[in-house]
Amino acid sequence: MMTISCITFGCPKLAGRSFKERAHSLPNLRIFRIEYGSDYYVDLPNDSSWHHVGHTIAIYNTKEKHSIDGIRVYAQAFKFGKNDTKGSNKSKKARVKPDHEMR
């Protein structure tokens with residue numbers, strides 16, 4: 001089976017719950033969202049019927065010891081989004097499940 005990968009940067013919420021659940025259930029589809037943590041645009045629209053699709057990698061400016069080109073950053077990865085509240089996808093740091101790995 002061919003694997004399809006999609007990487008987005010700074011993308012707002014784009015789908016309803018049924019679309020999100022269908023996309024997350026496909027074993028050959030890998031979707032990654034990269035977002036800057038303080039960017040309010042990625043949380044739009046502010047309507048609860050809209051959802052992010054894919055795994056989230058959020059990057060923040062902080063006072064942590066990590067640095068890239070002299071800028072201190074802190075990054076977090078979330079399996080299927082940081083705001084998911086359904087089942088095993090509940091707002092936890094990256095956790096690999098055999099049916100849909102984060103690679």
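Which side chain does a polar contact of 3.1 Å join to that of His52? In this predicted model, the partner is Arg33.

Let's stay with His52 for a bit. You'll find His52 in the loop that runs between strand 2 (29-36) and strand 3 (55-61). Despite that loop address, His52 is buried, at a relative accessible area of 12%. The His52 side chain also has a polar atom sitting 2.9 Å from the backbone oxygen of Val42. Here are those two distances side by side.

| Atom or group on His52 | Partner | Distance |
|---|---|---|
| Side chain | Side chain of Arg33 | 3.1 Å |
| Polar atom of the side chain | Backbone oxygen of Val42 | 2.9 Å |

Leaving out residues up to four places away in sequence, His52 touches Arg33 and Val42, and also Cys11, Pro12, Lys13, Lys20 and Asp43.

Now for the greasy part. In soluble globular proteins, nonpolar side chains tend to be buried together. Here the largest nonpolar core has five residues: Ala15, Ala23, Leu29, Ile31 and Val53. Ile31 touches Ala23 and Val53, and its contacts also take in Cys6, Gly54 and His55, again not counting residues up to four places away in sequence.

That brings us to the cysteines. Don't go looking for a disulfide, as the structure holds zero. Cys6 is in none, and its nearest cysteine sulfur belongs to Cys11, 8.2 Å away. A disulfide needs sulfurs within 2.5 Å, so the 8.2 Å between the sulfurs of Cys11 and Cys6 is too far for a bond. As for exposure, Cys6 is partly exposed, with a relative accessible area of 32%.

Notes. Residues are numbered from 1 along each chain as its sequence is written. This is a predicted model: local features need pLDDT of at least 70, side-chain atom pairs count only at pLDDT 80 or more; totals for chains, interfaces and linings use all residues. Side-chain values use heavy atoms; hydrogens and water are left out. Helices (H or I, at least four residues) and strands (E, at least two) are DSSP runs, numbered from the N terminus. Buried means under 20% relative accessible area, exposed over 50%, partly exposed in between (1.4 Å probe, protein chains only). A polar contact is a pair of N or O atoms within 3.5 Å; within protein, one must be able to donate a hydrogen and the other to accept it, and residues adjacent in sequence count only if both atoms are side-chain atoms. Contact means heavy atoms within 4.5 Å. A nonpolar core is a set of buried Ala, Val, Leu, Ile, Met, Phe, Trp, Tyr and Cys residues joined through side-chain atoms within 4.5 Å.
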